[in-house]
Amino acid sequence: MRVLVTGGAGFIGSHVVDRLLHTGHSVAVLDNLSTGSLRNLAPALAHINFVEGNILDESLVEQMVRDSDAVFHLAAAVGVGHIVQNPLNALITNVRGAENVIGTATALDKRLLVASTSEIYGKTTKMPMSEDDDRVLGSTTIARWGYSTAKAIDEHLALAHAQTGHRVSVVRYFNSFGPRLDPRGYGSVVANLMRQALANEPLTVHGDGQQTRCFTYVADTVDCTIRAGLDDRAVGRVFNVGNDHETTILDLAKQIIDVTGSHSPISYLSYEARYGKGFEDTLRRVPDVARARDELGFVAAVGLREGLQRTLAWWRDTYT
């Protein structure tokens, strides 16, 4: 198939590109390189059609979608820091840009995968988080909830088109990590902590570090993404993409110190000091993985420690 990957120069997107090429598909990538990098595409660049451009460019999106059989829409403004610092840009990209891609792909009757996020669930206390659960969000005066709302609009658009017979699927990512993480850590606590550990700097843990997350190695993330994007059983469905092993951020920091052999101490920083007054975080985030397992045969295969070791090996090869 001819597959278009928006955001294909990003962390997850570039791995999706590699997997699609490996399985024999022809791949085109549309990315504005705002957070993605051509370095991520280095192994694939000679074998793909790469276009530097924006998903807000309607004519460009129409041209690239028309030339494809399937679309994997991963382009988005991501990272809590970016969302809080520039909420308007994030909203425009994540709503108007997604509307452009989704509307064009469905109008041209293309198979479509829309990447969403565990942020969808907001600050619900129900665990594990199941795909059909209620969303619980904070005030509109708190910028971080705009990201959740924007991605929810994307999902509503995608699923509305699916209800009219279009071939659309949605995946919600839970804390993916692995090789090609941006060392600036714009969207990953693993990247931030690993960068600090390798520099023997204090590892910054927000709050008391007892908040928990479930970390998914990128090869597993990609596996489920490809299944959801190409398997007919996924049409009209939403899937959590994650590993359901729960880890505190404090324990994550300790594991990274251990894996890297760092002498870094752990430093605690309040959310207000990092993100400003009124910032809210979720105490737990655990995916219900039954639907992806039962309907797509997906089970995450790589544990946290093994994933950290693989990430460290890549990091040292790349930056040392």
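Two residues are said to be in contact here when heavy atoms of each lie within 4.5 Å. On that basis, and leaving aside neighbours within four places in sequence, A98 is in contact with I55, H73, T93, G103 and D154. The structure under discussion is a predicted model.

**The chain as a whole**

The secondary structure of the protein chain comes to 11 helices and 13 strands. Along its principal axes, the C-alpha trace spans about 55 × 45 × 40 Å. The radius of gyration is 19 Å, and because a compact globule with 320 residues would have a value near 20 Å, the chain agrees with that expectation. Buried residues make up 52% of the 320 residues, while the surface that the chain exposes amounts to about 13500 Å², of which carbon and sulfur atoms supply 49%. Among contacts with a separation of 6 or more, residues 24 or more positions apart account for 79%.

**A98 in helix α4**

The residue that opened this report belongs to helix α4, which runs over residues 87-107. With a relative accessible area of 1%, A98 counts as buried, because the cut-off for that class is under 20%. A98 and L56 are separated by 42 residues in sequence, yet their C-alpha atoms are 8.3 Å apart in space.

**Backbone features in the loops**

Most residues other than glycine have a negative phi, and most peptide bonds are trans. Against that background, L33 has a positive phi of about 60° although it is not a glycine, and R180, also a residue other than glycine, has a positive phi near 80°. L33 is placed in the loop between β2 and β3, whereas R180 lies in the loop between β7 (176-177) and α6 (189-198). The peptide bond from M127 to P128 is cis, with omega near -5°, and P128 is found in the loop between β5 (111-117) and α5 (144-163).

The relative accessibility of four residues discussed in this report is set out below.

| Residue | Relative accessibility | Class |
|---|---|---|
| A98 | 1% | buried |
| N40 | 10% | buried |
| R180 | 14% | buried |
| L33 | 23% | partly exposed |

L33 counts as partly exposed because its 23% falls between the limits of 20% and 50%.

**N40 and the second largest pocket**

N40 lies in the loop between β2 (26-31) and β3 (49-52), and its relative accessible area of 10% makes it buried. Not counting residues up to four places away in sequence, N40 touches A9, G10, F11, S14 and R180; the last of these partners is the residue with the positive phi near 80°.

The second largest pocket has a volume of about 220 Å³. Of the 15 residues that line this pocket, those closest to its centre are S37, N40, D182, P183 and Y319. The largest share of the lining, 3 residues, comes from helix α11, which covers residues 304-319. By class, the lining of the second largest pocket divides into 6 nonpolar, 5 polar and 4 charged residues. N40 is thus described both by its contacts, R180 among them, and by its place among the lining residues closest to the centre of the pocket.

Conventions:
Residues numbered from 1 in each chain as written. Predicted model: local features only at pLDDT ≥ 70, side-chain atom pairs only at ≥ 80, totals over all residues. Heavy atoms only, no water. Helix = DSSP H or I, 4+ residues; strand = E, 2+ residues; numbered from the N terminus. Buried < 20%, exposed > 50% of the residue type's maximum accessible area, 1.4 Å probe, protein only. 1 Å grid on protein atoms, 1.4 Å probe; cavity = no way out; pocket = protein on both sides within 12 Å on 5 of 7 lines; lining within 4 Å. Points joined across faces, edges and corners; volume = space filled by probe spheres on them. Nonpolar A, V, L, I, M, F, W, Y, C, P; charged D, E, K, R; others polar. Rg over C-alpha atoms; globule rule 2.2 N^0.38 Å. Areas by Shrake-Rupley, 256 points an atom, 1.4 Å probe, with all protein chains shown as cover.
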